[in-house]
Every structure is written in C-alpha cells, then in structure tokens.
Amino acid sequence: MDSTDNGHFSMNGGDGPLSYVKNSSYQRGALEAAKAIIEEEIAAKLEISTNSFCVADFGCSTGSNSFPAMHAIVEAVKRKYESSSLKTPEFFVCFNDLVSNDFNTLLSSLPPDRSYKAAAVVGDFHGRLLLLSSVHFAYSSWALHWLTEVPKAAEGLKSVWHGGEERQEAYDAYLGQFERDMESFLKCRAVEMVEGGIMALLIPSLPAYWDPKKEYTVGSLADLLRSSLLDMAEKGRLSKTKTEIFNIPYNAPIPEELRPILQKSNSFSIERMETLKSETLLNVEGQVAFFRAVHQNMLTYEFGAETIEETFDLLKKKLEASPVYADPSNDRTLVVVAILKRNNV
Ligand SMILES: C[S@@+](CC[C@H](N)C(=O)[O-])C[C@H]1O[C@@H](n2cnc3c(N)ncnc32)[C@H](O)[C@@H]1O
C-alpha cells in the first residue's frame, strides 16, 4: 500500500465458504482498554430490571479471548445491580460461532469458576440466532470484518495489489458488502435484544493514512501475503490466473466510514465510539503465526495444503527483509469500540 491509500485492505475475489475463518491472538491487543470502556458504559447506561440476564458473544471462536470478555461484562453488570435497589439476576452466556468452529474446545475449557450458565449457539450471525427480545448484552470482537461473500462487483477483478483503475472499484465493492453485512447483523440483533439492551462491537480498522516506509498495518501485512502468493505463481507453484484474481472476504473500514454505517440502524443509538491502537506487539514470528492461523484454512481450500509451508516461508522472508516489521511499535492497526443501545422505536 502506498501513502496515498485511504487505508483499506479490502481483498476481492475467491468465494470460499465462511468455514475457513479462524481465530488468532492479534485481537488481544486492545482488549484491556476496550474492557474499561465497556465497564464504564454498563455502569452509566444499563437500566434493565430482569431475573435472568443474557449476554451473547457473536463470533466467539474457541473462547480464549471470549472468556475474559464475558467475565468482565458479567462482573460489571453485577456491580451495576449491586449498586441499585434491584436484585442481582442469574446470568446466561450464549457463545456463538459458525458450525466449523471448534465448540468442543470452547465447551471443555469454560472457566470452572464462572458465575453464568453457558450455551453454544451455532450459525451465521448475519441471520437470526436467538429468541425474540431475549438478549440484554450483545458483544462481538474481531468478527464483523469477515464478509458473507466476496462482493459480486469485485469478483474477477484483479486483486488490489495490482493497483490501477480497478482498485477504487474493488474498494467500493468491499465497503458496500461490509455495509450490507452490518445491516443484516444489526437487523437480527434488533429483534433479539430487549429495549435498553447494550451492544459492544470491537471492529478492526485502518487509519486513513499511514507512512508505509516507516509503519505497517494488518492491511499491509495482508498485501505482503498476497505478494507471497504471486511469487508462488511466478515460481509455477500456483496457477497464475487463479492467484491474480484470488480475493479474501474481509474488510476493515477506516473509523470515519463506520459511524454512518452504524447510524443507519433506527433500532440502535450510538452511545460511544472510540478508536484504539490495536497494541498487538507481535514480532515477525508472531505476525507470521497470526497470519497463518487466520488464513491457512482458506488458502488450503483455494490452493491446496502442499502450498502452505512455502507461502508462509515467503511471507516470513518478506517481513524479515523490511526493517519496518521488526519493530511492533510501527503497527498502526486500529480497533473501533462501538457501544450501541437498543432503543424503543
Ligand atoms: C478472529 S476470530 C475472533 C474471535 C474472538 N471474538 C476474539 O475476539 O478473539 C473471528 C471469529 O468470528 C467467527 N465468525 C466470522 N464470521 C462469522 C459469522 N458470519 N457468524 C458467526 N461467526 C463468525 C469466526 O468463525 C471466528 O471464530
């Protein structure tokens, strides 16, 4: 990406199923700061009288990041009830992810000292998953950037690393798909949440501008992965045609693009929106491990398992060849924390 980029790393093409979406440790970075924001908002804004309080995590993966988040939310809600005249309710946490998720790991590693009942809710969060007016707090972290599909308008376009006039077209198509997916997510949650319910969304985001000579983002890392794939094609290890139009269904918006998308929903009001540095502090090994965890299933599906080792070796060499990636403080990836409230329209 060059300095004139508006920061997207939308990647177009390839219509593989959502089943290859994977978890990683990259999203742990800003969790503490996000937790503080969520706790403050619960203390200030939650006003629900109920005997049974339901929290749902949409895109929970195998739980390593979800458990601390659910603990923080439940404890903050308890404190809120304890500070009022209302009786503290019982808690129920619904852990949602796609059918391909490893729910065995999730359910067998539930914290033994948890103060909530737990259930797994399987399915795509762009559709209805839970009962009408049953959720009091909805949470989703590092999951909403995955799109339901590569946008039709970007299918067959060369991937954005080729530059050229197709670039803006692909960018717009990705943003449009992200907007449509957010809309269906919010529509379904509006039905499932009670009035006054709170939603916390942590969405990876990119700055509008950064200096690629001195800085990087998860987007420029993705560009290097794509350039590793192209090198593989040059070596004859992957099909050139397939590689050139290979695109990935995720999109991280710039923070300014997110607010109007969220504002479009009449069912929620935006209570607070903060942009945090992702603070991942990964070294080169960590970055390669993160990218491999996230993309391995997808690349195996597209190009075959035998190409994975070599592709990620190439990525590692590219990262090692650039002084920018050696210092994790050069990472400019952002996370937007959005706190929404289900209104009573
Ligand atoms: C990068 S992981 C994030 C996991 C966890 N929330 C965290 O903060 O570490 C993204 C998760 O979202 C899930 N996911 C992506 N799209 C989804 C969808 N449409 N419906 C349900 N889960 C989805 C993936 O399967 C994956 O487990």
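Hi everyone, let me start with one pair of side chains: Glu75 and Lys78 meet in a salt bridge, with N to O at 3.1 Å. Keep in mind that this is a predicted model. Both residues belong to helix α2, where they sit 3 residues apart, about one turn of the helix. Are these two buried or partly exposed? Glu75 is partly exposed, because its relative accessible area is 23%. Lys78, at 18% relative accessibility, counts as buried, since the cut-off for buried is under 20%.

Now, how many salt bridges does the model hold? The count comes to 21. Let me show you two that involve helix α9.

In one of them, Lys318 pairs with Asp231, and their closest N and O atoms are 2.7 Å apart. Lys318 is in helix α9 (residues 308-321) and Asp231 is in helix α5 (residues 218-234), so this pair ties together parts that are 87 residues apart in sequence. Both partners are partly exposed: Lys318 has a relative accessible area of 22%, and Asp231 comes in at 28%.

For the other, look at Glu310 and Arg237, whose side chains meet in a salt bridge of 2.6 Å, N to O. Here too, distant parts of the chain are linked: Glu310 is in helix α9, while Arg237 is in the loop between α5 and α6 (240-244), 73 residues away. Glu310 is partly exposed at 23% relative accessibility, and Arg237 is partly exposed at 35%.

There are also salt bridges that join up into a network. Which residues take part? They are Glu40, Glu41, Lys45, Glu271, Arg272 and Glu274.

Let's leave charges and turn to helix α7, residues 255-263. Its buried residues include Pro255, Glu257, Leu258, Ile261 and Leu262. Why can we say that they share a side of α7? They cover an arc of only 150° around the axis, and that places them on the same side of the helix.

Last stop: a couple of backbone angles in loops. Ser61 has a phi near 60°, which is a positive value in a residue other than glycine. You will find Ser61 in the loop between β1 (52-58) and α2 (66-82), the helix that holds our opening pair, Glu75 and Lys78. With 11% relative accessibility, Ser61 counts as buried.

Trp142 is not a glycine either, yet its phi is positive, about 50°. Its place is the loop between β4 (135-141) and α4 (166-192). Trp142 is buried as well, with a relative accessible area of 11%.

Thanks for listening!

Methods
Residues numbered from 1 in each chain as written. Predicted model: local features only at pLDDT ≥ 70, side-chain atom pairs only at ≥ 80, totals over all residues. Heavy atoms only, no water. Helix = DSSP H or I, 4+ residues; strand = E, 2+ residues; numbered from the N terminus. Buried < 20%, exposed > 50% of the residue type's maximum accessible area, 1.4 Å probe, protein only. Arc of directions from axis to C-beta. Salt bridge = Lys/Arg side-chain N within 4 Å of Asp/Glu carboxyl O.
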